[in-house]
Amino acid sequence: MLNATVLPFRIQRGDSVIKGGTVTTTNETIDGLLRLEEHRLVVQWRLERTTDLVGPEIRSDRKLEPVREAIVPLAGLAACTVRGSWWPWSRSIKVVLTAADMQAFEAVAGPRGLQLSHPAELVIAVRAQDRQAAREFASDVELAVATLAMKRAEEGGELPPGQTAAWASGILPSTQTAQAAAKSTVRPEGTRHVPTQNEGEEVIS
């Protein structure tokens, strides 16, 4: 079982283009890692791109890019939730990271990052063996974001607009609520919790 503050992920996407009698199919596989650290979320990934051409010439090209990294400060996050499918027989879940500040999220979602379909949301499909780790990871991120927001509020600082809206709507839990949720999570033997300081889907608690 994975450490609750680290979560691997995979994103797969592709498209096909027909032009001049040639069919070009491009498939991308992004293998990455989310790591929660003090006051920040580290996103690392490596992209593998396969291009198949079928026409007068039949060819397959493969390119593996080097590992890249982006840092998102916790102040730039509004929420981290775990969602499941509407289908009752499906056990698949996804981790959804929502930005409080699109500028802070640009390094992950923008053209130099993962080039996400939504500039303020990172949706990650979770492998079956990582479901428990995904729930614990989301709980840890929520707790860290709430703790940081509470500290800033107590010190008289302003919360980022996204976190203010999330707090008011109940998306971002209070520190007490997040702590209670974290304590109620049963962690399998051998896992370690690292305290932090200071698409039709339904939310799974």
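## Glu 38 and the salt bridges of a predicted model

Glu 38 sits in the loop between β2 (22–37) and β3 (40–54), where strands (E, at least two residues) are DSSP runs numbered from the N terminus. This is a predicted model in which local features need pLDDT of at least 70 and side-chain atom pairs count only at pLDDT 80 or more, while totals for chains, interfaces and linings use all residues. Residues are numbered from 1 along each chain as its sequence is written, and side-chain values use heavy atoms, with hydrogens and water left out.

With a relative accessibility of 46%, Glu 38 counts as partly exposed, a class that lies between buried (under 20% relative accessible area) and exposed (over 50%), computed with a 1.4 Å probe on protein chains only. Its C-alpha is 8.5 Å from that of Leu 74, although the two are 36 residues apart in sequence.

Eleven salt bridges are found in the whole structure, each being a side-chain nitrogen of Lys or Arg within 4 Å of a carboxyl oxygen of Asp or Glu. Three of them, including two made by Glu 28, are listed here.

| Acidic residue | Basic residue | N to O distance |
|---|---|---|
| Glu 28 | Arg 13 | 2.8 Å |
| Glu 28 | Arg 49 | 2.9 Å |
| Asp 130 | Arg 127 | 2.8 Å |

Salt bridges that share partners join Arg 13, Glu 28, Arg 49 and Glu 65 into one network. Within this network, Glu 28 is buried at 14% relative accessibility, whereas Arg 13 is partly exposed at 28%. Because Glu 28 lies in strand β2 and Arg 49 in strand β3, their pair ties together parts that are 21 residues apart in sequence.

Notes:
Helix = DSSP H or I, 4+ residues; strand = E, 2+ residues; numbered from the N terminus.
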